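Student: I would like to go through this structure with you, moving from topic to topic. Shall we begin?

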Amino acid sequence: QYKETGEILPVTVSGIVNTGVIALVEGVRGFIPVSRLDLNHVEDTNVWLGRDIRVRVNEADMEKGKLVLSAREILREESAAAKKAQREMAISKIETGSVVEGTVESIQSYGAFIDLGNDVSGLVHISQISERRISSPKEALEIGQKVRAKVIKNQDGKISLSIKELLEEERVKEEEEIKKNIPQTESIGTSLGSLLSGLKLD
């Protein structure tokens, strides 16, 4: 019944054998292979003696009196769920209009995927890669390249990015800064009157 329902059972490791450990399930001796104890490779099973763990019934043979348990699948599911929650949290913090940094992780014919960390990726469509017209993303990007981009959409867990829009905004800002720093024409020009005023005629 436990095998069919996949119920999680709390047990205590009560014995050590050559290829794993022993735990009792309602008085029935269950075997947990060393490969099913943890997500990582277990070097020494002795440290598991007396430890409380959670398992599922992996194999049950009433005729042979064989009961095989596993903790690994539970740990794997919980790890996946934690990663998913972490990813969703990271995505929720990425605001449209913000500037992000990442690494080009893959290039497709239609665009490039940028790794933003925390298992989050964003897509830069080919039309949003360069200010000039390109026929392939490979003309402007390569795998492993660090890039900065503007978030133009964050919907249903999908991030859309634009390198082109960010470049255009930065270029406009630079042009405005240059204009601000140019002195007024009157201050750099010399009027005819000021030239004549300093001229002595004999």
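Student: Is E169 buried, partly exposed or exposed?

Tutor: This is a predicted model, and in it E169 is partly exposed, with a relative accessibility of 31%.

Student: Which residue does E169 form a salt bridge with?

Tutor: The partner of E169 is K150, and the closest N and O atoms of the pair are 2.5 Å apart. E169 belongs to helix α3, residues 163-181, and K150 to strand β9, so the salt bridge ties together parts that are 19 residues apart in sequence.

Student: And K150, buried or exposed?

Tutor: K150 counts as buried, because its relative accessibility is 15% and the cut-off for buried is under 20%.

Student: How many salt bridges are there?

Tutor: The count comes to 13 salt bridges. One of them joins E77 to R56, with 3.0 Å between the closest N and O atoms. Here helix α2 holds E77 and strand β4 holds R56, so this pair ties together parts 21 residues apart in sequence. The relative accessible area of E77 is 44%, and E77 is therefore partly exposed.

Student: Which residues are linked in a network of salt bridges?

Tutor: R36, R72 and E73 are linked in such a network. Within it, E73 forms a salt bridge with R72, and their closest N and O atoms are 3.6 Å apart. E73 is partly exposed, at 23% relative accessibility.

Student: Let us change topic. How many residues does the largest nonpolar core have, and which have the most contacts inside it?

Tutor: The largest nonpolar core has 21 residues, and L116, L141, I159 and L161 have the most contacts inside it. At least two residues of this core come from each of α2 (72-92), β6 (99-108), β7 (111-117), β8 (120-125), β9 (146-155) and β10 (158-162). Another core lies apart from it, with 16 residues, including L9, V13, V21 and A71.

Student: What is L161 in contact with, leaving aside its neighbours within four places in sequence?

Tutor: Leaving those neighbours aside, L161 is in contact with V100, I114, L116, G122, L123, V124, H125, Q128, A149, K150, V151 and I152. K150 in this list is also the salt-bridge partner of E169.

Student: H125 is in that list too. Where is the place of H125, and what else is H125 in contact with?

Tutor: H125 is found in strand β8. Besides L161, and leaving aside neighbours within four places in sequence, H125 is in contact with Y110 and G111. H125 counts as partly exposed, with 37% relative accessibility. Between the C-alpha atoms of H125 and A85 the separation is 27 Å, and these two residues are 40 residues apart along the chain.

Student: Now the pockets. What volume does the largest pocket have, and how many residues line it?

Tutor: Its volume is about 310 Å³. The lining consists of 14 residues, and Y2, V28, V57, A60 and L67 lie nearest the centre of the pocket. Two or more lining residues come from each of α1 (2-5), β3 (28-33), β4 (52-61) and β5 (66-70). The largest share, 3 residues, is supplied by β4.

Student: How do the residues of the lining divide into nonpolar, polar and charged?

Tutor: The lining of the largest pocket has 7 nonpolar, 2 polar and 5 charged residues.

Student: A word on the backbone. Which value is phi of N118 near?

Tutor: Phi of N118 is near 55 degrees, which is a positive value in a residue other than glycine. Most residues other than glycine have a negative phi. N118 sits in the loop between β7 and β8 and is partly exposed, at 48% relative accessibility.

Student: And phi of D156?

Tutor: D156, again a residue other than glycine, has a positive phi near 55 degrees. The loop between β9 and β10 contains D156. With a relative accessibility of 71%, D156 counts as exposed.

Student: One more loop residue. Where is the place of N46?

Tutor: N46 is in the loop between β3 and β4, and this residue counts as exposed, at 52% relative accessibility. From N46 to L116 the C-alpha to C-alpha distance is 41 Å, with their positions 70 residues apart in sequence. L116 is one of the residues with the most contacts inside the largest nonpolar core.

Terms used. Residues numbered from 1 in each chain as written. Predicted model: local features only at pLDDT ≥ 70, side-chain atom pairs only at ≥ 80, totals over all residues. Heavy atoms only, no water. 1 Å grid on protein atoms, 1.4 Å probe; cavity = no way out; pocket = protein on both sides within 12 Å on 5 of 7 lines; lining within 4 Å. Points joined across faces, edges and corners; volume = space filled by probe spheres on them. Helix = DSSP H or I, 4+ residues; strand = E, 2+ residues; numbered from the N terminus. Nonpolar A, V, L, I, M, F, W, Y, C, P; charged D, E, K, R; others polar. Core = buried A, V, L, I, M, F, W, Y, C linked by side-chain atoms within 4.5 Å. Buried < 20%, exposed > 50% of the residue type's maximum accessible area, 1.4 Å probe, protein only. Contact = heavy atoms within 4.5 Å. Salt bridge = Lys/Arg side-chain N within 4 Å of Asp/Glu carboxyl O.
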